[in-house]
Amino acid sequence: MTQRLKRMILKTLYIVRHGQTDLNKQGIVQGRGRDTDLNDEGRKQASQFYTAYKTVPFDKIYVSALKRTQQSVQQFIDLGIPFEKLSGLDELAWGIYEGQPSTPANRAAFLQIMRDWLEGKLDVKFENGESPNEVKERQLEALKIIMSHPEEKEVLICMHGRAMRLFLCVLTGKPLTEMENYPHQNLVLYKVTYDGDKFEIVDFNNAAHLKTPELPL
């Protein structure tokens, strides 16, 4: 029975959010237009994740086009694991609100757009930004690339918070209005299996690795 179950799992996706940046720490939205670096805490989180998962035989790593994702999994890349940048994995673009301080007016604007999205108004977006439906379209293109390599059985994907919420909806066939059902923090893990028919989340919002010591340098 166990062997049969193993044969049914065609691909396993380890999906993580990038480590902390200074803008994360300050509560400032980065989005697709802010190509920020990890801070000291983010680098520590990356090392903790590596320590916990360095024995997983990853066949491929996929990151977004924003450097904070590659920085978060660089220790795996340094092992010689091939990696690829996919802009379809980029964070949702928050337009004119990217990099702006968290003022009462800005917070009110975010609360309103979240209400709109949860009510099904998934084409709504900020000026110069992206809507959930637009992000879904580029994620489907990225997913097509990832799934076009059946030889890649164990795959590590590093992406972004809001984009990850949407991506998990896409994978599990849930409407995007359920995006808030997928909580996250920096360097949290969602493990998703694919059996040839459907994706299933088998490890939900796992942050246990962030409680373990980082690997000494």
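1. Let's start with disulfides: a search of the whole structure, which is a predicted model, finds zero of them. The sulfur of C158 has its closest cysteine sulfur in C169, and at 19 Å that is too far for a bond; a disulfide would need the two sulfur atoms within 2.5 Å. C169 is likewise in no disulfide, with the sulfur of C158 as its nearest cysteine sulfur.

2. Are these two cysteines buried or exposed? C158 is buried, at a relative accessible area of 0%. C169 is buried too, and its relative accessible area is also 0%.

3. Now for the fold. You can trace eight helices and six strands in the chain. Starting at the N terminus, the order is α-β-α-α-β-α-α-β-α-α-β-α-β-β. The radius of gyration is 17 Å, close to the 17 Å that the globule rule gives for 217 residues, so the chain is as compact as a globular protein of that length. Its C-alpha trace spans about 55 × 40 × 25 Å along the principal axes.

4. How does the chain hold together in terms of contacts? Take the contacts between residues at least 6 apart in sequence: 66% of them join residues at least 24 apart.

5. Next, inside and outside. Of the 217 residues in the chain, 49% are buried. The chain exposes about 10,600 Å², and 51% of that area comes from carbon and sulfur atoms.

6. Last, a look at charge. How many positive and negative side chains does the chain have? There are 29 positive and 29 negative ones, and the centres of the two sets lie 3 Å apart.

Key. Residues are numbered from 1 along each chain as its sequence is written. This is a predicted model: local features need pLDDT of at least 70, side-chain atom pairs count only at pLDDT 80 or more; totals for chains, interfaces and linings use all residues. Side-chain values use heavy atoms; hydrogens and water are left out. Helices (H or I, at least four residues) and strands (E, at least two) are DSSP runs, numbered from the N terminus. The radius of gyration is taken over C-alpha atoms; the globule rule is 2.2 Å times the number of residues to the power 0.38. Buried means under 20% relative accessible area, exposed over 50%, partly exposed in between (1.4 Å probe, protein chains only). Contact means heavy atoms within 4.5 Å. Accessible areas come from the Shrake-Rupley method with a 1.4 Å probe; for residues, only the protein chains shown count as cover. Lys and Arg count as positive and Asp and Glu as negative; His and the chain ends are not counted. The place of a charge is taken as NZ of Lys, CZ of Arg, CG of Asp or CD of Glu.
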